[in-house]
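Hi,

Here's the structure I said I'd send over. Have a look at it first, and my notes follow underneath.

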Amino acid sequence: MKLSQYLVSKHMSQSDFAKQCEVCQATVHKWIYELSVPSGKRILQIHLLTDGEVTITDWVKQDG
């Protein structure tokens, strides 16, 4: 599940999720719109914060 889908399903704002990750809202915005990718440490943190709904492989771009 993409992070954006997770936030919609949980009725959570980017700001609220940013607080949980201890980053700014702009950082979450960049992750959602694929302007940047979280570090490996952050990807694991997101995986844990979302109870595994946003998986580590969700951050990997796939061709085709």
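The buried residues of α2 are covered by, among others, α1 (3–9), α3 (25–32) and α4 (40–49). One thing to keep in mind as you read on: this is a predicted model, so every value below is computed from it.

Staying with α2: the helix spans residues 14–21, and its buried residues are Gln14, Phe17, Ala18 and Cys21. Looking down the axis of α2, these buried residues sit within an arc of 105°, so they line one face of the helix. The background is simple: an α-helix has 3.6 residues a turn, so residues three or four places apart point the same way. Right after α2 comes glutamate 22, which has a positive phi, near 60°.

Which residues does Gln14 contact, once neighbours within four places in sequence are left aside? The list is Leu7, Gln25, Val28, His29, Ile32 and Tyr33. With one of these, glutamine 25, there is also a side chain to side chain polar contact, at 2.6 Å. So that you can find it quickly: glutamine 14 is part of helix α2, and it is one of the buried residues there.

Aspartate 16 is in α2 too, but with a relative accessible area of 39% it counts as partly exposed. If you want a distance to check on screen, the C-alpha atoms of aspartate 16 and valine 28 are 9.9 Å apart, with the two residues separated by twelve positions along the chain.

Now α3. Its buried residues are Val28, Trp31 and Ile32. They span an arc of only 95° around the axis, which puts them on the same side of α3. Their cover includes α1, α2 and α4. So α2 is part of the cover for α3, and α3 is part of the cover for α2. Beyond α3 you'll find glutamate 34, another residue with a positive phi, in this case near 55°.

You may well ask about the cysteines. How many disulfides does the structure hold? Zero. Why is there no bond at cysteine 21? The closest cysteine sulfur belongs to cysteine 24 and is 11 Å away, too far for a bond; a disulfide would need the two sulfurs within 2.5 Å. Seen from cysteine 24, the closest sulfur is that of cysteine 21, again at 11 Å and too far. Their surroundings are worth a look as well: cysteine 21 is buried, at 0% relative accessible area, while cysteine 24 is partly exposed at 45%.

Next, the stretch that follows α4. Threonine 50 is found in this segment, and at 0% relative accessibility it counts as buried. Its side chain reaches the backbone oxygen of histidine 47 at 3.3 Å. Setting aside residues up to four places away in sequence, threonine 50 touches Tyr6 and Phe17; Phe17 is one of the buried residues of α2 listed above.

Valine 60 also belongs to the segment after α4. Is it buried or exposed? Exposed, with a relative accessibility of 53%. Its C-alpha atom is 21 Å from that of alanine 26, and the two residues are 34 positions apart along the chain.

Finally, the chain as a whole. There are four helices and zero strands, so along the sequence the pattern reads α-α-α-α. For 64 residues, a compact globule would have a radius of gyration near 11 Å, and the chain agrees with this at 11 Å. Along the principal axes, the C-alpha atoms fill a box of roughly 35 × 20 × 20 Å.

Buried residues account for 28% of the 64. The exposed area of the chain is about 4400 Å², and carbon and sulfur atoms supply 54% of that. Of the contacts with a separation of 6 or more, 43% are between residues 24 or more positions apart.

If you only have time for one view, try looking down the axis of α2, where the buried residues line one face.

Cheers

Technical notes
Residues numbered from 1 in each chain as written. Predicted model: local features only at pLDDT ≥ 70, side-chain atom pairs only at ≥ 80, totals over all residues. Heavy atoms only, no water. Buried < 20%, exposed > 50% of the residue type's maximum accessible area, 1.4 Å probe, protein only. Helix = DSSP H or I, 4+ residues; strand = E, 2+ residues; numbered from the N terminus. Arc of directions from axis to C-beta. Contact = heavy atoms within 4.5 Å. Polar contact = N/O pair within 3.5 Å; in protein donor to acceptor, adjacent residues only side chain to side chain. Rg over C-alpha atoms; globule rule 2.2 N^0.38 Å. Areas by Shrake-Rupley, 256 points an atom, 1.4 Å probe, with all protein chains shown as cover.
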